[in-house]
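User: Please take a close look at a single part of this model for me. I would like one connected answer that starts there and then works outward.

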Amino acid sequence: MRIVRSCHELGFRAVAVYSPVDRRARHVILSDEAYALPGDEPAASYLNSAALLEIARRARVNAVHPGYGFLSENPAFAAACQESGVTFVGPPSSVLAECGDKARTRERLVQAGVPVLPGTNAVSDEDARAAAARVGFPLLIKASGGGGGKGIHLVRSAGELPSTLRLARGEARTAFGDDRVYLERWLPDARHIEVQILADTHGRIAAVGERDCSVQRRHQKLIEETPAPGLAPSMQRRLLQAAETGARKLGYVNAGTFEFLVQGDEYYFLEVNARLQVEHPVTELVTGMDLVVQQFRIARREALSIEVPISPRGHAIECRISAEDPHEGFLPSTGTVGGLAEPGGPGIRVDSALSPGMEVTRHYDPLLAKVIAWGTTRGEALARMRQALLETAVGGIATTVPFHLWALNDPAFVAGNHDTRFVRGWNEREPRGDLIPAVLAAAAFEQAEGRRLRFPPDTRNGGWRRAAKDESVDRF
Amino acid sequence: MSGHDRFAVQVREAPGGLEVSIDGRVHRVELLRWVEPTHFVLAIDGASRPVEIVRAGDELRVRLGYEQYRLQVTPRISIPRRGTAGRSSSADVRIVAPMPGLIVAVQVGPGSHVEQGAVVVIMEAMKMQMEIRTPRSGHISVISVKPGEEVAKGQILATLKTQ
């Protein structure tokens with residue numbers, strides 16, 4: 001949908017593909033043409049490179065925009081596109097191959113003088129124990145072909161290594177079709193800051209700006225913002241410079257993101273995301289730039305016309321609305337979307353895949369929508385986001401909205417003093433609040449459902465009992 | 001049990017809403033549908049706010065702001081629960097799916113002894129794998145699923161006999 005919008009802005013004809021479960025999705029309805037893929041499983045649909053190329057040929061398209069996830073960082077797909085005479089809107093196949101091998105990218109960045117954390121190349125099950133001892137604990141097992149936080153598992157001690165390794169390999173195999181994994185040291189209290197870059201085919205590289213993505217669960221981002229709060233200007237310049245140096249070393253072309261961990265005065269390169277990222281809208285809102293349009297221009301071999309450094313205008317923040325229940329440890333929730341309320345008002349942008357009646361299945365990523373707020377200051381952006389979250393409702397599916405409401409009111413977050421441990425605060429919070437309104441809501445709900453008929457008609461009394469699990473609310 | 005609060009509630013239909021008394025204090029309450037099927041607007045004594053209500057088994061999950069409250073409605077005249085008397089010393093523990101998903105692997109067979117925390121089943125949903133572990137030690141009496149099978153949230157995966 002995001003890409004359909006930019007295509008239409010540029011006057012392009014937009015052709016969409018969809019798996020059968022997505023046939024009523026917005027990108028399908030609003031594209032100029034849409035073609036069905038053979039099945040719902042990712043391998044049969046959005047990872048089905050042969051079917052995608054066949055559709056590209058049939059629909060006579062000039063270019064393929066791979067979005068994010070699925071085949072967006074797949075060098076074989078990029079090469080296959082070029083061979084069939086279709087422009088792949090993204091980095092060249094050779095750059096994707098290099099960035100896709102995360103251990104190799106690390107090595108290249110070290111050669112360019114960019115600091116990295118201790119880590120390994122792809123490890124076998126047999127070598128893992130010795131390699132882990134060299135890296136040191138806590139460490140992360142990462143999928144070599146991974147991205148988007150998938151296939152990353154934390155290992156605190158040697159004892160956890162075998163079972164976590166098995167889990168990580170299994171996940172990597174399903175998600176990326178590649179079960180190679182490598183180890184990397186983990187800094188538990190760092191900030192996750194990434195740099196958006198754009199690079200044209202004429203060797204111009206622009207580091208557009210940074211994003212703070214420290215609010216994560218299971219190493220996947222929940223909240224992103226720009227500029228990074230409290231980041232020293234000198235550190236910001238070093239990160240932008242490191243990303244530009246890295247991009248030059250890799251011969252990077254098109255849009256990409258260089259991810260870093262920042263701890264005190266030190267920073268470490270993590271990986272390159274060789275695609276448009278989910279959180280790109282925050283950068284768009286403070287630069288006034290359409291990154292998808294930039295991607296198409298670069299793919300047409302146009303020269304970049306961006307003056308760097310860019311002074312960001314105001315502050316932008318994004319909350320990911322995912323089909324996960326924050327009250328149940330962020331487990332995926334599935335079902336049918338009933339009604340929908342999406343927020344609006346000054347400075348609010350919603351990028352959403354939601355529509356009433358939509359089935360949320362276990363087949364795809366749980367990301368449903370993104371709410372993005374812009375303000376002249378961080379305080380204004382946060383205030384607008386709080387209001388937007390109150391206006392957001394997805395009927396029938398548990399979402400991350402309650403977590404975001406908590407986060408946006410948390411003193412550490414409001415002060416910008418949070419790091420990657422932040423989500424732990426939600427799990428360990430002391431729930432407060434007044435139980436009476438909840439009891440009144442439940443009473444009115446039961447009344448509306450006609451439940452009172454269960455009681456003897458002359459009493460109509462109910463006794464109410466809270467279940468044991470939420471023991472913390474009795475402190476009101 | 002600690003952590004339980006009980007409220008005696010009386011509900012009366014009144015013009016334009018309900019009169020609800022909690023422990024003797026009366027409130028005017030209105031609950032209007034907002035976003036189907038789970039979101040409502042709750043007005044208490046004229047002040048309104050959004051609320052999410054989900055029925056999950058025999059409890060109601062009420063979400064106000066970011067907090068969730070789990071409530072159970074029980075008639076005041078208590079009915080003795082059946083089936084609790086005469087329970088033997090060994091008990092069946094059901095291991096259920098915490099989320100809908102696909103069974104990737106079954107790590108134990110019927111009859112095998114498992115220690116608390118052992119992995120019974122590996123599940124996958126939304127590209128995430130999860131180890132389902134046994135909450136108690138005991139013998140696996142029944143394995144109810146096989147690899148490749150789709151399961152619903154709350155579906156029984158295995159049954160365990162504790163000693």
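Analyst: Happy to. Two residues are taken to be in contact here when their C-beta atoms, placed from the backbone, lie within 7 Å. Please keep in mind that this is a predicted model.

Let's look closely at B:Ile44. This residue belongs to strand S4 of chain B, which covers residues 39-44. Once neighbours within four places in sequence are set aside, B:Ile44 is in contact with A:Pro437, A:Leu440, B:His27 and B:Val29. That list brings in both chains: A:Pro437 and A:Leu440 come from chain A, and B:His27 and B:Val29 come from chain B. The two partners in chain B fall within strand S3, residues 25-35. Is B:Ile44 buried or exposed? The answer lies in between: B:Ile44 has 19 other C-beta atoms within 10 Å, so it is partly exposed, since a residue needs 20 or more to be buried. There is also a distance to B:Ser21, which is 23 residues away in sequence and 12 Å away in space, C-alpha to C-alpha.

The loops around these strands deserve a look too. Between S3 and S4 of chain B runs the loop that holds B:Pro37, and the peptide bond from B:Glu36 to B:Pro37 is cis, with omega near -10 degrees. On the other side of S3, the loop from strand S2 (17-22) contains B:Asp23. B:Asp23 is not a glycine, yet has a positive phi of about 45 degrees. B:Asp23 has 11 C-beta neighbours inside 10 Å and therefore counts as exposed.

Stepping back to the whole of chain B, we find 15 strands and 0 helices. Buried residues account for 32% of its 163 residues. Of the contacts in chain B with a separation of 6 or more, 39% join residues 24 or more positions apart. The domain assignment divides the chain into domain 1 (9-71) and domain 2 (92-161), and B:Ile44 falls in domain 1. The C-alpha centres of these two domains are 37 Å apart.

What about the partner chain? The two contacts that B:Ile44 makes in chain A, A:Pro437 and A:Leu440, fall in domain 4 (435-475) of that chain. The assignment for chain A also lists domain 1 (2-97), domain 2 (118-185) and domain 3 (191-427). Between the C-alpha centres of domain 3 and domain 4 of chain A there are 40 Å. Chain A has 16 helices and 23 strands. Its radius of gyration is 24 Å, close to the 23 Å that the globule rule gives for 476 residues, so chain A is as compact as a globular protein of that length. Of its residues, 49% are buried, and pairs 24 or more positions apart make up 65% of its contacts with a separation of 6 or more.

Domain 1 of chain A offers a helix pair to examine. In helix H4 (residues 75-83), the buried residues are A:Pro75, A:Phe77, A:Ala78, A:Ala80 and A:Cys81. Their cover includes helix H3 (49-58), strand S3 (63-64), strand S4 (87-88) and helix H5 (93-100), again of chain A. H4(A) and H5(A) pack at about 175 degrees, their axes 8 Å apart, and are therefore roughly antiparallel. From H4(A), A:Pro75, A:Ala78, A:Ala79 and A:Gln82 meet A:Ser93, A:Leu96, A:Ala97 and A:Gly100 of H5(A). This set divides into 5 nonpolar and 3 polar residues, with no charged ones. Just past H4(A), A:Gly85 has a positive phi of about 75 degrees.

Two loops in domain 3 of chain A echo the themes from chain B. A:Thr226 and A:Pro227 are joined by a cis peptide bond, with omega about -5 degrees, and A:Pro227 sits in the loop between strand S11 (220-226) and helix H9 (233-250). A:Arg301, also not a glycine, has a positive phi of about 65 degrees. This residue lies in the loop between helix H11 (291-299) and strand S14 (315-322), and its 11 C-beta neighbours inside 10 Å mean that A:Arg301 counts as exposed.

How values were computed:
Residues are numbered from 1 along each chain as its sequence is written. Chains are lettered from A and ligands numbered from 1 in the order in which they are written. This is a predicted model: local features need pLDDT of at least 70, side-chain atom pairs count only at pLDDT 80 or more; totals for chains, interfaces and linings use all residues. Helices (H or I, at least four residues) and strands (E, at least two) are DSSP runs, numbered from the N terminus. The radius of gyration is taken over C-alpha atoms; the globule rule is 2.2 Å times the number of residues to the power 0.38. A residue is buried if 20 or more other C-beta atoms lie within 10 Å of its own, exposed if 12 or fewer, and partly exposed in between; C-beta atoms are placed from the backbone. Axes are lines fitted to C-alpha atoms, for helices over the stretch in contact, and angles run from 0 to 180 degrees between N-to-C directions. Angles under 35 degrees count as roughly parallel, over 145 as roughly antiparallel, 65 to 115 as roughly perpendicular and the rest as oblique. Ala, Val, Leu, Ile, Met, Phe, Trp, Tyr, Cys and Pro count as nonpolar, Asp, Glu, Lys and Arg as charged, and the others, Gly among them, as polar. Domain bounds come from an automatic or database domain assignment.
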